Amino acid sequence: MKDNYSIDELVRQKLANGQEQHNLSAWANMERMLDGKNPYNKPEKDSKRRWLPFFLLFVVLGSGVAVALNSYTGSEQLPISNANTEQAASQAVASINNQDNTQAADVAAAISEPTQGSFQAQQTTQSNTNLPAPTAAKASVNNTIQEQNKQKAQQTNLNTKQVANNNSIIKNSSNAKQATNNNEPDNSNSTPIAAVASKLTSTKPTAQKSKEDILALSTKKETITPTAIANNAKMDTKQIDITALRVEEKIVTDANGNKSIAFDSTEFSVKMNVPIEKTNPRYVALSKKDQERAENKTGILSSALENLKGEEKIVASSTPLPQKTNAVVPEIKAKADVTNNTNEKISFYTRFKNMSKALYQKANTATIKIADKQIPIYPGMIVGVNASVFSKHNFGGFQGGLTALTPLNRYLSISTEARLLHKNNSGYTVNDYNYTIKNMSVDSNSLSSSKIYNYQVDSNALGYNFKNFYTIQMPILLNAHVRDFTFYGGLNMVYGFRMDVRTSNKDYVVNVADTIATNSVYNQRANIGKRYTRDDFNSRFGLGYTVGGSYSFNPNLYLDLRFSNVLWDNSKSATKQQISNDMFQIPAIQFSLGYRFRKFDRTE
Amino acid sequence: MSIALSHIKITQEDDIQAIIEGCLKGNRAAQERLYKRFYPKMMSMVKRYTNYHEYHLAEEILNNGFLKVFQKIESYEFKGSFEGWVRKIIYHSIFDYVRKNTKYREKMVFAEEERDVVVTKTAIDKLNYDELMHYIQDLPENTRTVFNMYILEGFTHKEISEKLNISAGTSKWHLHEGRKILKEKINNLNK
């Protein structure tokens, strides 16, 4: 007898004339077909294409978001109420400065001699002359008379006095110049007058100012840039009111003939143009309260300003307070009120739009600190399709995610991503066969030199199937940029989510007979248990690589094509590893459209 | 004895004649008799081309084939075996499914791999119809098709390549792969 048989012959012998048992339902279905009905639910062929509408929807939504965010590029900024306030104030100040220039000439003419006295007023003219910024000493002046300002805030006659005392200021300033020559309160040569005056005068020795200096200041037309500001760029200015104190020194003789010095102080307002340090990075926008306080340093309430009439002029300025000045403060409040009120009425769409704007601006200015350097980050998003290659099953689908790129130099950069991949199962099924021997008997009598082992085998076939599965890929890539092309490669970390498997079960009973020669050694058949469990389809983490390239249409938009593969994963059991080999550790290609929120221009 | 057998044979032929005539008239009972008469063999053929878990698919393919048999029965000219004629139509139904649902990748086969694969007698003795059918159904889809066409239907590699639009080398590869897998499973059964 032959010991070996061709498998072809075996198959032909066993199956060529094979017959199946009748199935009652088969004829029933056949009858329905003969009646013109289709009893078989067509498999949803579109299941493979069911992902297509979702993918298209995802592409449309993503494009819409990208376009909406892209429309916010560049110049638009969030509103800042202080800036508008300053702008309004500057406009008001400009209107002041543009008034009657002849008055400036009159004031300048009055300052004809070096002045004496404890305090030299620095007077503004109507031209574009800008006096130096208030110094620390002047601030101290304001502080010392703060309480007096509050009490005298309602004195509208102050202005009248200031005008009347204009000449006396000029005369007294010369005395102040002599008395405060060194501006040292503990100067042994200084008089009490000088000591008091030194507290009231600026740190800059005003006494040193000559007549020529004063004339020069009064007639100077161009804007004087304060020396405190480093850059000489043209700056916006705003006009503020400073309360100045004029102290008149009088020698009083009492009844005993003793002479003493009496001081008569009067207040007057000085308008000064102060540069607005908008370009100064140390500039801090004031709160509304502080803004109001800064713009109203005179201590005069806005209601008082409203009551000012045209003839009640501040001494340093012969022009009436503009109505617009009054409107500045109310405008601030009004604007704040509107803003506050508006906030309550802001719709969800507006809030979402503002939030998107803010996020987009953050994305456009995002940086990362490496070795004390702020390196920009270019965030973006991608969407595309994928397909598996070189595998017996086709797992295709789509993906989407977020990206971030950090340039190292002009030609190299590092990027990282978080991509969610959806993959459809096109027919991959895990079959688990198991056998249980129910009955076994040995027949030693039928054949003389052989034994027949009869088995009744309870066979079960368990099939695991799933429609789709999801993975997240997080590659870290090194990019090389050549013109509009980018080539990259790097490590790929992949996390596979748990698969939602469905099982199908079929049981059947098989009778098997083994005929064995009596002298032969025979190993009886044993049960074969199930190999796979649902836990074999649990989540897993893998490592692999990604290589690919992209082409940039413009600094924002690019096409990307890559090849990725998982080389290792953390599957422990042999069955789980088998599943990984069949559907997780398979190479795939991805084709994507990418959009960077921030323009990536390598010429920067 | 031979007279009895010949009598049986004549009776069967008359029976087929009656069934066909009944089907031509649209007689449902005749259709049922024809269906049940050829169901066992035809289903065996169809199952060989489908996966083990796709019983409903096998039934659908078979019924689609029988539907064509009933629709085209008037074209039967009583030349040759009626069973052969039915088998041919059922096979076309199988092949329609195969063509729509399988895709082949080109493979390369070396000459050394073309030789037949053998199994031991012991293994054969242990193997029954159901188990072997199970193994055939468990083959990969493309391999299973080529294997069946070559081994059981008797097509040559050239004919298979023309029908499936693949190269002869791919056909040979699938045949070899099918033999290898079957041998491994049959030998495992022996352990």
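This is a short tour of a predicted model with two chains, A and B, one stop at a time.

**Stop 1: chain A as a whole**

Start by selecting chain A and showing it as a cartoon. You'll be looking at 16 helices and 16 strands. Chain A runs to 604 residues, and 42% of them count as buried. If you follow the contacts between residues at least 6 apart in sequence, 75% of them join residues at least 24 apart. Switch on the surface for a moment: the accessible area of chain A comes to about 33700 Å², with 54% of that belonging to carbon and sulfur atoms.

**Stop 2: chain B as a whole**

Now hide chain A and bring up chain B. What does chain B have in the way of helices and strands? There are nine helices and one strand. Trace the chain along its sequence and the pattern reads α-α-α-α-β-α-α-α-α-α. Of its 191 residues, 50% count as buried. Among contacts in chain B with a separation of 6 or more, 71% are between residues 24 or more positions apart. The accessible surface here is about 9600 Å², and carbon and sulfur atoms hold 51% of it.

**Stop 3: where the chains meet**

Show both chains again and turn to the place where they touch. The size of an interface is often given as the accessible area lost when the parts come together. For chain B and chain A, that buried area is about 4900 Å², 58% of it on carbon and sulfur atoms. The contact takes in 49 residues of chain A and 54 residues of chain B.

How many salt bridges cross the interface of chain B and chain A? The rule finds five. To see a salt bridge up close, select A:Glu31 and B:Arg28: their side chains meet with an N to O distance of 3.5 Å. Polar contacts cross the interface too, with 13 residue pairs found at pLDDT 80 or more for both partners.

Next, colour the parts of chain B that touch chain A. Several elements each supply at least two residues to this side, among them helix H2 (28–47), helix H3 (55–72), strand E1 (118–120) and helix H9 (168–190). The largest share comes from H2(B), with 11 residues.

**Stop 4: two loops in chain B**

Stay with chain B and pick out B:Phe78, in the loop between H3 and helix H4 (82–101). B:Phe78 is partly exposed, with a relative accessible area of 40%. Check its backbone: phi is near 55°, a positive value in a residue other than glycine. Most residues other than glycine have a negative phi.

Jump to another loop, the one between helix H8 (157–164) and H9 of chain B, and you'll find B:Asn165. B:Asn165 also has a positive phi, near 60°. Is B:Asn165 buried or exposed? At a relative accessible area of 70%, B:Asn165 is exposed.

**Stop 5: a nonpolar patch on chain A**

Head back to chain A and select A:Leu408, A:Tyr411, A:Leu412, A:Ile414, A:Ile476 and A:Leu478. Together they make a nonpolar surface patch of about 540 Å². Strand E8 (412–425) and strand E11 (468–482) of chain A each supply at least two residues of this patch. Zoom in on A:Ile414, which sits in strand E8. A:Ile414 counts as partly exposed because its relative accessibility is 37%, between the cut-offs of 20% and 50%.

**Stop 6: a serine with polar partners**

Select A:Ser592, in strand E16 (residues 588–596) of chain A. A:Ser592 is buried, with a relative accessible area of just 1%. Draw two distances from its side chain. One goes to the side chain of A:Gln399, a polar contact of 2.8 Å. The other goes to the side chain of A:Arg419, a polar contact of 3.3 Å. Beyond close sequence neighbours, A:Ser592 also touches residues including A:Ile382, A:Tyr558 and A:Asp560.

**Stop 7: a helix and a strand residue**

Finish with helix H16 (residues 574–584) of chain A, whose buried residues include A:Thr575, A:Ile579, A:Met583 and A:Phe584. What covers the buried residues of H16(A)? Strands of chain A do part of that job, including strand E7 (395–407), strand E9 (429–443) and strand E15 (557–569).

Strand E15 also holds your last selection, A:Asn565. A:Asn565 counts as buried at 13% relative accessibility. Its contacts, leaving out residues up to four places away in sequence, are A:Gly544, A:Tyr545, A:Gln585, A:Ile586 and A:Pro587.

Definitions and conventions:
Residues are numbered from 1 along each chain as its sequence is written. Chains are lettered from A and ligands numbered from 1 in the order in which they are written. Side-chain values use heavy atoms; hydrogens and water are left out. Patches are made of residues with over 30% relative accessible area and no salt bridge: like charges are joined within 9 Å, nonpolar side chains (Val, Leu, Ile, Met, Phe, Trp, Tyr) within 5 Å. Accessible areas come from the Shrake-Rupley method with a 1.4 Å probe; for residues, only the protein chains shown count as cover. A salt bridge is a side-chain nitrogen of Lys or Arg within 4 Å of a carboxyl oxygen of Asp or Glu. Helices (H or I, at least four residues) and strands (E, at least two) are DSSP runs, numbered from the N terminus. Buried means under 20% relative accessible area, exposed over 50%, partly exposed in between (1.4 Å probe, protein chains only). Contact means heavy atoms within 4.5 Å. Buried area is the accessible area (1.4 Å probe) that two parts lose on being put together, summed over both. A polar contact is a pair of N or O atoms within 3.5 Å; within protein, one must be able to donate a hydrogen and the other to accept it, and residues adjacent in sequence count only if both atoms are side-chain atoms.
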